[in-house]
Amino acid sequence: MNKADTSTSTVVIAIDGPAASGKSTVARALAARLGYRFLNSGDLYRAITWGCLSHGVDCREAGAIAMAVGNSRVELGCDGTEYYPIVDGTDPRVHLRDAAVNANVSPVSAVPAVRYILSAVIRAQAQGRQMVVEGRDIGSAVFPETPYKFYIDAPVQVRQRRRRNQGQTEEIAQRDLIDSTRSTDPLTIASGATVIDSSSLDVAGVVNAMLEKLREHGLLGGIGILPMVPGSNRQDADAT
Ligand code: CDP
């Protein structure tokens, strides 16, 4: 991974954190300011979970999950500057926040074969591109070599409130527990990651803190920073 910023080298900014910590919102805003592409890896895990559920796979059976995912075709489409998952030729975006997907995504994501396959899809997509990638293991396992790593956090009560404000009743603590205790690539603060608590900062505040860190790392030398997109500074309203 090249530390210098040129338009042809691979540059990955890794953003990890627990559920509803605000990482999708800030990752998208950061990508927009840098003119980078944005990939939400959680959407890939959700899409695969939806695929398993729609084929009637028992999501408590690791072997059945591994076989189903191994037989699926997982691709990424791109909408403007944002990637989205495609499973066996179908765009499942409307289903990604279904209650059944929320309930099963963490057990499905804990299956090592699933992680192996999706990590390979993400790495292949990043080749030769400049991307902001967010998830649980991006800085620790998918791109451990990137110098640009962030961990966005907030107390569980703040994160649960954000989910309720989005109209979702899901208890995120259970998902956090499975994600951080699984044996393969658990949610963790990657070595060298900058930890940012998003509970007392708005989106612009988090993004500015990240830009400052990236500047310290020498990433922003040759590139212009675009202004915040109007309306993208609503942390509590839409943070995920
Ligand atoms: O939006 P939220 O923060 O609730 O979750 P998400 O980013 O959509 O991720 C959904 C689930 O996918 C997580 O709870 C993890 O179980 C899994 N995931 C993962 O294992 N590894 C990633 N890199 C991203 C997500």
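Student: In this predicted model, how far does a polar side-chain atom of Arg163 lie from an oxygen atom of the ligand?

Tutor: The pair joins a polar atom in the side chain of Arg163 to a ligand oxygen. A polar contact requires N or O atoms within 3.5 Å. The separation for Arg163 is 2.8 Å.

Student: What share of the ligand's exposed area does the protein bury?

Tutor: The ligand sits in the largest cavity. Taken alone, the ligand exposes 530 Å². Of that area, the protein buries 100%.

Student: Which element gives the most residues to the shell around the ligand?

Tutor: Helix H2 (41–54), helix H4 (99–109) and helix H8 (172–181) are the elements that give two or more residues to this shell. With four residues, the element that gives the most is H2.

Student: How many charged residues does the shell around the ligand have?

Tutor: Among the 20 residues around the ligand, those that come nearest are Lys23, Arg46, Arg163, Arg175 and Asp179. By class, the shell has five nonpolar and five polar residues. The number of charged residues is 10.

Student: Asp137 forms a salt bridge with Arg115; how many residues apart in sequence are the parts that this pair ties together?

Tutor: Side chains of opposite charge can pair when their charged atoms come close. For Asp137 and Arg115, the closest N and O atoms are 2.9 Å apart. Asp137 lies in the loop between strand S5 (130–135) and helix H6 (138–142), and Arg115 in helix H5 (residues 112–126). The pair therefore ties together parts whose separation in sequence is 22 residues.

Notes:
Residues are numbered from 1 along each chain as its sequence is written. This is a predicted model: local features need pLDDT of at least 70, side-chain atom pairs count only at pLDDT 80 or more; totals for chains, interfaces and linings use all residues. Side-chain values use heavy atoms; hydrogens and water are left out. A residue is near a molecule or strand if one of its heavy atoms lies within 4 Å of it. A polar contact is a pair of N or O atoms within 3.5 Å; within protein, one must be able to donate a hydrogen and the other to accept it, and residues adjacent in sequence count only if both atoms are side-chain atoms. Accessible areas come from the Shrake-Rupley method with a 1.4 Å probe; for residues, only the protein chains shown count as cover. On a 1 Å grid over the protein atoms alone, a cavity is a set of points where a 1.4 Å probe fits but cannot get out, and a pocket is an open set with protein on both sides within 12 Å along at least five of seven lines; lining residues have an atom within 4 Å of a point. A molecule sits in a cavity or pocket if more than half of its atoms lie within 2 Å of its grid points. Ala, Val, Leu, Ile, Met, Phe, Trp, Tyr, Cys and Pro count as nonpolar, Asp, Glu, Lys and Arg as charged, and the others, Gly among them, as polar. A salt bridge is a side-chain nitrogen of Lys or Arg within 4 Å of a carboxyl oxygen of Asp or Glu.
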